[in-house]
Amino acid sequence: MKLKLGTTRRSMLLAGAGSVLAACGGAQEAGVSLKVNQPTTVAYLLNGNNTGTVTDITKKLYETEFRAQNPNITIDFQGSGSSGAEHIVKITALTAAGTQPDAFYLSNSGDMPALATKSVVRAVDDLIRADGRFKKDDWFEVHLGAWQYQKKQMGLPWQGGPLAFYYNKELLGEAGVAAPSEATWTFDAWRDAGNKLRRVMTVTDTPKWATDVGGQWLHWVYAFGGDVLDKDNKKCILDAKEALAGLQLMADFIHRDQIALKPQDFGGKTHAQLFMEKRLAMIVMNRQNASAQGFIQPWVAITQLPKGPAGRFSQGNIDGFSMGSQTKSPAAAWEAMKFRTGDPLRRELLKSGNGGIPALKTTANSQEYLNDKLPVEWNKMFTSTMSVVKLAPPIPEWSDVTAAAGQSIDQIKKGEVSPQTAMKDLAPRINALLTTK
C-alpha cells in the first residue's frame with residue numbers, strides 16, 4: 001500500500017478499516033472461557049521480516065515450553081516486512097480484507113487509540129478477569145496504563161521507560177562542576193554546568209558544546225507545568241505561559257547561552273557519537289542507545305533528567321501487543337500474548353543481549369536484566385524511576401499532534417522562529433487536527 005503525499009499519521013491508522021469493522025468492536029460477553037479444547041492456530045504478526053536472533057530464541061522457547069503447556073495452540077509467527085507507520089498500514093489493510101492477525105505488535109502505544117477507535121483491536125479485560133494467573137500488580141503501572149483506552153485494557157506492554165541524562169565525568173571535573181545527583185540536578189543546575197563547561201570546551205579549534213537539549217522535547221514542557229493539550233484533550237495549550245517557559249529555556253540553551261548545539265551543527269552525526277568523541281559533555285538519551293558498542297566507558301556516568309518547577313518528568317515510548325478484533329479464538333490469542341510478553345521469554349532474550357526496559361517487575365529484578373549491557377546501577381535507575389514517565393494522552397490524533405509539534409520545535413532549535421511565534425502558529429493547527437473527524 002503506497003501512501004499519498006500529505007497523508008497524516010492518523011489517516012494511515014484509520015485507512016482501510018471501513019464498515020467491515022463495524023461489528024467487530026461491539027460489547028463483549030460478560031464471561032469468557034479460557035479453555036482451548038480443539039487444535040487452534042493463532043496468527044501473530046510481528047514487525048520486520050521475522051528473522052534473526054530474537055526470532056530464533058522465541059521459536060525455540062515456543063517449541064520447548066509453550067507447546068508443552070498449550071498442546072492445542074499453534075502460533076504462526078508472521079512478519080509484516082516493515083516497521084513504524086508501514087507496519088500499521090499492513091495491520092489496517094489485513095483488517096479491512098478480513099484476514100486480520102489474531103494478535104500483533106505495535107511499536108508505540110500512542111498508535112493504539114486510533115486503531116481502537118475503528119475497532120481494529122479487541123479489549124482484553126474479560127480475559128484478564130477470567131485468568132486467575134494474571135496479576136496486574138506484576139506489571140509496572142505506567143506500562144499497563146499505556147495500553148488502556150477509554151478505561152479498557154487494549155493490549156499488553158512489552159518494554160519502554162524514561163529518558164536519562166548522561167555526562168562526561170572528566171569534562172565536568174575539569175570545569176569544576178559537581179557530579180549531578182537526584183537532589184541537586186535541576187534545570188538551573190544544568191544551565192550553570194553548561195556555562196562552566198562552555199568556557200573550558202571552546203578553547204580548541206574543533207567545535208565542542210557543553211550539552212544538547214535532547215532529540216525529544218516534551219520534558220521541557222512538562223517540567224515547567226505545561227502540557228500539549230488541556231485536561232479534556234480538546235485544545236492545544238502549548239501557547240500557555242507554562243509551556244512557553246520551558247520551550248524558551250530550551251531555546252536559550254541553544255541561541256542565547258550557546259551551551260547547546262543547533263540541529264545544523266550535528267554534521268551528520270548523532271549526539272551519542274559526538275558525546276563519545278568528547279565533543280559533547282552532557283546528553284539526554286534513552287537506554288537503548290547507551291547499549292551501543294563502546295559507549296560504556298570509565299568516564300561516562302548517568303543520572304535522572306533535571307527537575308523543573310513542576311517536578312521531574314520524562315516522556316516514554318511503550319511498545320507492546322494487541323489482540324485483533326476479528327479473532328475467532330480470543331482464549332488462544334491471549335495465551336500467545338502472555339507468552340510473547342512473559343518473563344521466561346524476556347529473560348532468554350536478555351541473555352542474548354536483546355531487550356529493553358521490561359514491563360514486568362519480576363524481569364526488572366532479574367539478574368538477566370540487571371546485568372544486561374549496562375552497569376547494574378544504570379539498569380536499576382531506569383526501572384526505579386518509572387514513575388517520572390508521563391504517558392501520552394489516549395487520543396487517536398496524538399501521532400499527528402506530535403508530528404506537527406515536532407516540526408515547530410525543530411524550527412525553534414534552528415533559530416528560525418521564537419517559541420512564542422512558533423506556538424502561536426502551531427496551536428490552531430493542532431486544534432484543527434483535534435476537531436477533524
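At what angle do helix α18 and helix α19 pack, and how far apart are their axes? The close-ups below start with that pair; the model they come from is predicted.

**View 1. Helices α18 and α19 pack against each other.** Here is the pair from the opening question: helix α18 (residues 398-414) and helix α19 (residues 419-435) pack at an angle of about 165°, and their axes are 10 Å apart. Angles over 145 degrees count as roughly antiparallel, and α18 and α19 are therefore roughly antiparallel to each other. The crossing of α18 past α19 is right-handed. On the α18 side, the contact is made by Asp400, Val401, Ala404, Ala405, Ser408, Ile409 and Ile412. Facing them from α19 are Pro419, Ala422, Met423, Leu426, Arg429, Ile430, Leu433 and Leu434. Sorted by class, the residues of this contact comprise 12 nonpolar, one polar and two charged.

**View 2. The largest nonpolar core has 54 residues.** If you would like landmarks, begin with Trp190, Leu197, Leu238, Met282 and Met423, the residues with the most contacts inside this core. Two or more residues each come from β8 (164-168), α7 (169-174), α8 (187-201), α9 (218-222), α10 (241-256), β10 (280-285), α18 and α19. The biggest share is from α10, which gives eight residues. Zooming in on Leu238, and setting aside residues up to four places away in sequence, we find it touching Trp217, Val221, Asp227, Val228, Ala243, Leu244, Ala405, Met423, Leu426 and Ile430. There is also a second, separate core of 34 residues, with Val36, Tyr44, Val124 and Met323 among them. As a general point, nonpolar side chains in soluble globular proteins tend to be buried together.

**View 3. Helices α8 and α10 also pack together.** For this pair the angle is about 5° and the axes are 12 Å apart. That makes α8 roughly parallel to α10. From α8, look for Phe187, Trp190 and Arg191, which meet Leu249, Asp252, Phe253 and Arg256 of α10. The contact of α8 with α10 has four nonpolar and three charged residues, with no polar ones. Trp190 may be familiar from the previous view, as one of the residues with the most contacts inside the largest nonpolar core.

**View 4. Ile73 in strand β2 and Glu335 in helix α13 are in contact.** Ile73 belongs to strand β2 (residues 73-79) and counts as buried, at 2% relative accessibility. Apart from neighbours within four places in sequence, the contacts of Ile73 are Val36, Thr40, Val42, Tyr62, Phe66, Arg67, Ala332 and Glu335. Among these, Val36 is also included in the second core. The C-alpha atoms of Ile73 and Asn37 are separated by 9.3 Å, with the two positions 36 residues apart along the chain. Glu335 sits in helix α13 (residues 330-341) and is buried as well, with a relative accessible area of 8%. Leaving aside neighbours within four places, Glu335 is in contact with Phe66, Asn70, Ile73 and Arg133. Phe66 is thus a handy residue to locate here, since it appears in the contacts of Ile73 and in those of Glu335.

**View 5. Thr327 precedes α13 in a loop.** This loop runs between β12 (319-324) and α13, and Thr327 counts as buried within the model at 12% relative accessibility. Follow the chain and Asp102 is 225 residues away from Thr327, yet their C-alpha atoms are separated by 4.9 Å. Beyond residues up to four places away in sequence, Thr327 touches Gln100, Asp102, Arg122 and Ala333.

**View 6. Thr363 is buried in helix α15.** Helix α15 covers residues 361-364, and the relative accessible area of Thr363 is 1%. Which residues surround it? Not counting those up to four places away in sequence, Thr363 touches Asp343, Arg346, Arg347, Leu350, Pro358 and Tyr369.

**View 7. Gln150 and Lys151 have positive phi values.** Most residues other than glycine have a negative phi. In this close-up, phi of Gln150 is near 50° and phi of Lys151 is near 65°. Gln150 lies in the loop between β5 (148-149) and β6 (152-153), and Lys151 has its place in the loop between β5 and β6 too. Gln150 counts as exposed at 59% relative accessibility, and Lys151 counts as exposed at 84%.

How values were computed
Residues numbered from 1 in each chain as written. Predicted model: local features only at pLDDT ≥ 70, side-chain atom pairs only at ≥ 80, totals over all residues. Heavy atoms only, no water. Axes fitted to C-alpha atoms, helices over the stretch in contact; angles between N-to-C directions. Helix = DSSP H or I, 4+ residues; strand = E, 2+ residues; numbered from the N terminus. Parallel < 35°, antiparallel > 145°, perpendicular 65-115°, else oblique. Left-handed = near helix turned anticlockwise from the far one by under 90°. Contact = heavy atoms within 4.5 Å. Nonpolar A, V, L, I, M, F, W, Y, C, P; charged D, E, K, R; others polar. Core = buried A, V, L, I, M, F, W, Y, C linked by side-chain atoms within 4.5 Å. Buried < 20%, exposed > 50% of the residue type's maximum accessible area, 1.4 Å probe, protein only.
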